[in-house]
Each structure stands twice: as C-alpha cells, then as structure tokens.
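This note is addressed to a student who is beginning to read protein structures. Please keep the sequence and the 3D structure in view while working through the points.

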Amino acid sequence: EILIVTGVQTCALPIFEVTGVSSLLEVALHQFESPANVIVCDADEVNWRTALGTLRELPGEADVIFLIGHADDRLWLEMLDAGACDLLQKPFCEDELCWVVCTALKRRAMRRPPDRATSTLPCPPPNAGKRAVAGDGLS
C-alpha cells in the first residue's frame, strides 16, 4: 500500500510505503502515475473542502484522512459527511497515525474485492490509552 502524506513534514511510517508531497498538484500527478489508497492531508495547511473536491476527481478513489489542530464536533461531522475517511487531532503519535491508516485500509478492503488478504495488513493493535478518534468505532 502507498500512503501519500501532504503537508505533513515530520511523518515517517515504517510499515507503509510513504511518498511525501507538498501540494495538491503533486498529489494529482502522483495519483495519475501510481494511485495511492490513502492520502493524509494537514487540514491546517490546505483548505479541506478544496482538497476533498480535488481528490474526488482523481483516479484511484483514495481514502482521505485529515490531520487537524482543533475542531469542534460540528466541524468533525461536516468533514466526515463531506467525504473525509477519518480525522486525527494534533498532536498525535506515530502509532495513532498508523492505527488510523490501518483502519482506513481495512475499511477499504471490506468495500472492495480484495486483491490481497486483509490479514496481511501490517497493522499494530491500538494503544490501550489511545483517545477516541471520530469515525474509528471507539467514540
């Protein structure tokens, strides 16, 4: 699986192939060449509505996860209703991001005919003390 991280400067996820890009234009170019399954965007760096609109037009039908500094429940619901796969509030640790990405990949595998067994996903178990994230089934 390929994870494209946009606007996230310090993110390293060792269990995924990560391609870092700095703009939605770079995401678009990458999606035409080698579509990613999950795209992580920093909602503090890009307009989330513009990002979702742009990404929905690209090949690959990638699931979009937004990282956000602060959002009330209304904004979280608005983003999820608009098509975001999930949101992760900053600050977060690498394990939390890995878990949210794994959850997105598992949901994706359940929606589409699998090209590989979902049991092969390198997903770590969620931390016992992890806070709930909107859309992760814990809230």
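The numbered points below move from the overall fold to individual elements and residues.

1. Nature of the model and overall make-up. The structure is a predicted model, and every remark here should be read in that light. The protein contains 4 helices and 5 strands. Followed from the N terminus, these elements come in the order β-β-α-β-α-β-α-β-α.

2. Burial and contacts across the chain. The protein has 139 residues, of which 42% are buried. Among contacts with a separation of 6 or more, 63% join residues that are 24 or more positions apart.

3. The pair H2 and H3. Two packed helices are described by the angle between their axes and the distance between the axes. Helix H2 covers residues 48-56 and helix H3 covers residues 73-82; their axes come within 11 Å and cross at roughly 15 degrees. Because angles under 35 degrees count as roughly parallel, H2 and H3 are roughly parallel to each other. Their crossing is right-handed.

4. The residues between H2 and H3. On the side of H2, the contact is formed by Trp48, Arg49 and Leu52, while H3 contributes Leu75, Glu78, Met79 and Ala82. Sorted by class, this contact has 5 nonpolar residues, 2 charged residues and no polar ones.

5. Helix H4. This helix spans residues 94-111, which is 18 residues. From its first C-alpha to its last, H4 reaches 26 Å, close to the 26 Å expected at 1.5 Å a residue. Its buried residues are Glu96, Leu97, Cys98, Trp99, Val100, Val101, Cys102, Thr103, Ala104, Leu105 and Arg108.

6. Cys98 within H4. Is Cys98, a residue of helix H4, buried or exposed? Its relative accessible area is 5%, and since buried means under 20%, Cys98 is buried. Cys98 and Phe16 are 82 residues apart in sequence, yet their C-alpha atoms are 8.7 Å apart in space.

7. Asp63 in strand E4. Asp63 belongs to strand E4 and has a relative accessibility of 8%, so it counts as buried. Leaving aside residues up to four places away in sequence, Asp63 touches Asn37, Val38, Ile39, Cys85, Ala104, Arg108 and Arg111. Two of these partners, Ala104 and Arg108, also appear among the buried residues of H4.

8. Glu17 in strand E2. Strand E2, residues 17-21, is where Glu17 is placed. At 47% relative accessibility, Glu17 counts as partly exposed. Glu17 and Ala36 are 19 residues apart in sequence and 9.8 Å apart in space, from C-alpha to C-alpha.

9. Two backbone features to check. Most residues other than glycine have a negative phi, and most peptide bonds are trans. Against that background, Glu61 has a positive phi of about 45 degrees although it is not a glycine. Glu61 sits in the loop between H2 and strand E4 (63-68), and its relative accessible area of 54% makes it exposed. The second feature is the peptide bond from Lys90 to Pro91, which is cis, with omega near -10 degrees. Pro91 lies in the loop between strand E5 (86-89) and H4.

Terms used: Residues numbered from 1 in each chain as written. Predicted model: local features only at pLDDT ≥ 70, side-chain atom pairs only at ≥ 80, totals over all residues. Heavy atoms only, no water. Axes fitted to C-alpha atoms, helices over the stretch in contact; angles between N-to-C directions. Helix = DSSP H or I, 4+ residues; strand = E, 2+ residues; numbered from the N terminus. Parallel < 35°, antiparallel > 145°, perpendicular 65-115°, else oblique. Left-handed = near helix turned anticlockwise from the far one by under 90°. Contact = heavy atoms within 4.5 Å. Nonpolar A, V, L, I, M, F, W, Y, C, P; charged D, E, K, R; others polar. Expected span 1.5 Å × (residues − 1). Buried < 20%, exposed > 50% of the residue type's maximum accessible area, 1.4 Å probe, protein only.
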